[in-house]
Amino acid sequence: MPVSVPSGPRSRVGRALSLVALTTTVLLATACASGSGAAPEGDPTAAIPLPGPEDGGQGDEAGSGKPGSSGDAAAPPGGADGTGTDDVPAVDGPLGSRVVLIDPGHNGGNAAAADEISELVSAGPERKACDTVGSESGDGYAEHEFNWDLALLVKERLEADGATVVLTRDDNAGVGPCIDERAAIGNEAEADAALSIHADGGPPSGRGFHVITPGEVDGFTEDIVEPSRLLAEDLRREYREGSDVPYADYAAEEGLDERTDLGGLNLSTVPKVFLEAGNLRNEEDAALLSDPEWRAAAADAIAGGLADYLMRE
């Protein structure tokens with residue numbers, strides 16, 4: 001069920017430019033006047049765990065010398081497909097000075113790599129599995145595929161507005177990277193904002209989206225709790241308006257969920273949130289998430305929320 005929202009990478013430019021114009025007008029006018037939580041049971045980000053430690057953690061992704069890493073664990077991936085920054089030409093635009101980390105959850109090769117992704121890595125105060133398989137719709141649309149497809153669309157839109165976008169993985173055929181590496185990639189890039197894209201594996205009777213924010217974890221998240229909350233609020237507003245997906249009715253509260261058990265958040269030193277874009281195990285949500293037209297509109301909304309946050313300063 002597609003929604004009637006303009007799609008395409010150019011749709012965010014007008015919004016961001018209008019914000020620039022508004023900011024400039026306010027500054028000029030001023031110059032003239034003056035003359036100068038606790039974690040819920042389980043983990044909703046992946047409902048199909050592989051054999052491994054009884055960790056239950058499935059919403060993080062990043063690693064340190066684990067599956068999916070090549071050389072320096074903290075280095076952003078590059079490549080001819082433009083998933084890193086090496087081959088992305090500089091683009092003038094309202095977000096030209098901003099760096100965004102987009103983390104497509106899980107990976108297509110995880111299901112065949114149970115031993116690798118079950119290995120324990122740092123998740124902050126505790127250790128959790130490197131990564132997980134992710135969820136899947138009733139007709140077989142895999143979460144890792146959805147995450148990858150949507151991440152590329154969001155990347156395209158942000159780059160059209162001049163942002164530098166770094167992805168945590170190069171394709172949808174590899175393994176990992178582990179949860180700690182995914183966080184390290186955003187930290188190394190000194191991202192102005194980081195977003196981990198997921199689709200939930202909740203109860204079939206429940207539907208809707210929610211945004212997961214970091215709670216305060218001593219020694220880890222104190223500096224990112226407040227800006228991450230602002231990022232979550234901007235993203236929630238734009239996504240709710242542009243995606244035609246309601247707030248989750250089975251998790252979170254008014255579309256926001258504070259968590260202290262996710263390594264991808266606990267290990268981040270930059271503002272970061274997780275988006276659970278919908279419930280793949282719910283038929284109505286799955287019909288939207290598997291629709292290319294809907295994904296284009298959703299990407300517009302996500303890019304809009306990120307742009308709103310990035311233009312705050």
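**Notebook: salt bridges, a disulfide and strand E6**

I started with one pair: Asp308 forms a salt bridge with Arg237, with the closest N and O atoms 3.0 Å apart. The pair links distant parts of the chain, since Asp308 sits in helix H8 (residues 292-310) and Arg237 in helix H5, 71 residues apart. I noted that the model is a predicted one.

I then checked cover at both ends. Asp308 is buried at 11% relative accessibility. Arg237 is partly exposed at 38%. I followed the shared partners next. Salt bridges join Asp234, Arg237, Glu238, Asp308 and Arg312 into one network.

**Entry: the other salt bridges**

How many salt bridges does a search of the whole structure find? I got 15.

I looked up Asp285. Asp285 forms a salt bridge with Arg207, and the closest N and O atoms are 2.7 Å apart. Asp285 is in helix H7 (residues 283-289), while Arg207 is in the loop between strand E5 (193-200) and strand E6 (210-214), so the pair ties together parts that are 78 residues apart in sequence. Are these two side chains buried or exposed? Asp285 is buried, at 0% relative accessibility. Arg207 is buried too, with a relative accessible area of 15%. I checked the cut-off: buried means under 20%.

Next I took a pair inside one helix. Glu233 and Arg229 meet in a salt bridge, 3.5 Å from N to O. Both lie in helix H5 (residues 225-243), four residues apart, about one turn of the helix. I wrote down the geometry behind this spacing. An α-helix has 3.6 residues a turn, so residues three or four places apart point the same way. I also checked accessibility here. Glu233 is partly exposed at 28%. Arg229 is partly exposed at 36%.

**Entry: the disulfide**

I searched the whole structure for disulfides and found one. Cys130 and Cys178 form it, with their sulfur atoms 2.0 Å apart. Which parts of the chain does the pair tie together? Cys130 lies in the loop between strand E3 (127-129) and helix H3 (143-160), and Cys178 lies in the loop between strand E4 (164-167) and helix H4 (179-188), so the pair ties together parts that are 48 residues apart in sequence.

I computed the torsion. About the S-S bond of Cys130 and Cys178 it is about -90 degrees, so the disulfide is left-handed. I looked at cover as well. Cys130 is buried, with a relative accessible area of 0%. Cys178 is buried, also at 0% relative accessibility.

**Entry: helix H3**

I moved on to H3. H3 has 18 residues. From its first C-alpha to its last, H3 reaches 26 Å, close to the 26 Å expected at 1.5 Å a residue. I listed the buried residues of H3. Among them are Phe146, Trp148, Leu150, Val154 and Leu158. The list also holds charged side chains, including Glu143, Lys155, Arg157 and Glu159. I then looked just past the end of the helix. Gly162, just after H3, takes a positive phi of about 100 degrees.

**Entry: strand E6**

I looked up how covered E6 is. Five of its five residues are buried. I sorted them by face. In a regular strand the side chains alternate between the two faces of the sheet. In E6, His210, Ile212 and Pro214 are on one side, and Val211 and Thr213 are on the other. Both faces are covered.

Which strands pair with E6? E6 runs antiparallel to strand E8 (residues 272-279), joined by three bridges. In E8, Glu276 is the bridge partner of His210. E6 also pairs with strand E7 (residues 256-259), here in the parallel sense over four bridges. Thr213 stands opposite Glu258 in E7.

I traced the connection from E6 to E7. E6, H5 and E7 make a right-handed β-α-β unit. H5 is also the helix that holds Glu233 and Arg229.

**Entry: whole chain**

I closed with totals. The chain has eight helices and eight strands. Buried residues make up 54% of its 313 residues. The accessible surface comes to about 12700 Å². Carbon and sulfur atoms account for 50% of that surface.

Key
Residues are numbered from 1 along each chain as its sequence is written. This is a predicted model: local features need pLDDT of at least 70, side-chain atom pairs count only at pLDDT 80 or more; totals for chains, interfaces and linings use all residues. Side-chain values use heavy atoms; hydrogens and water are left out. A salt bridge is a side-chain nitrogen of Lys or Arg within 4 Å of a carboxyl oxygen of Asp or Glu. Helices (H or I, at least four residues) and strands (E, at least two) are DSSP runs, numbered from the N terminus. Buried means under 20% relative accessible area, exposed over 50%, partly exposed in between (1.4 Å probe, protein chains only). A disulfide is a pair of cysteine sulfur atoms within 2.5 Å. The expected span of a helix is 1.5 Å times one less than its number of residues. Two strands pair if DSSP finds at least two bridges between them. A crossover is right-handed if, with the strands pointing away from the viewer, the path from the first strand over the helix to the second runs clockwise. Accessible areas come from the Shrake-Rupley method with a 1.4 Å probe; for residues, only the protein chains shown count as cover.
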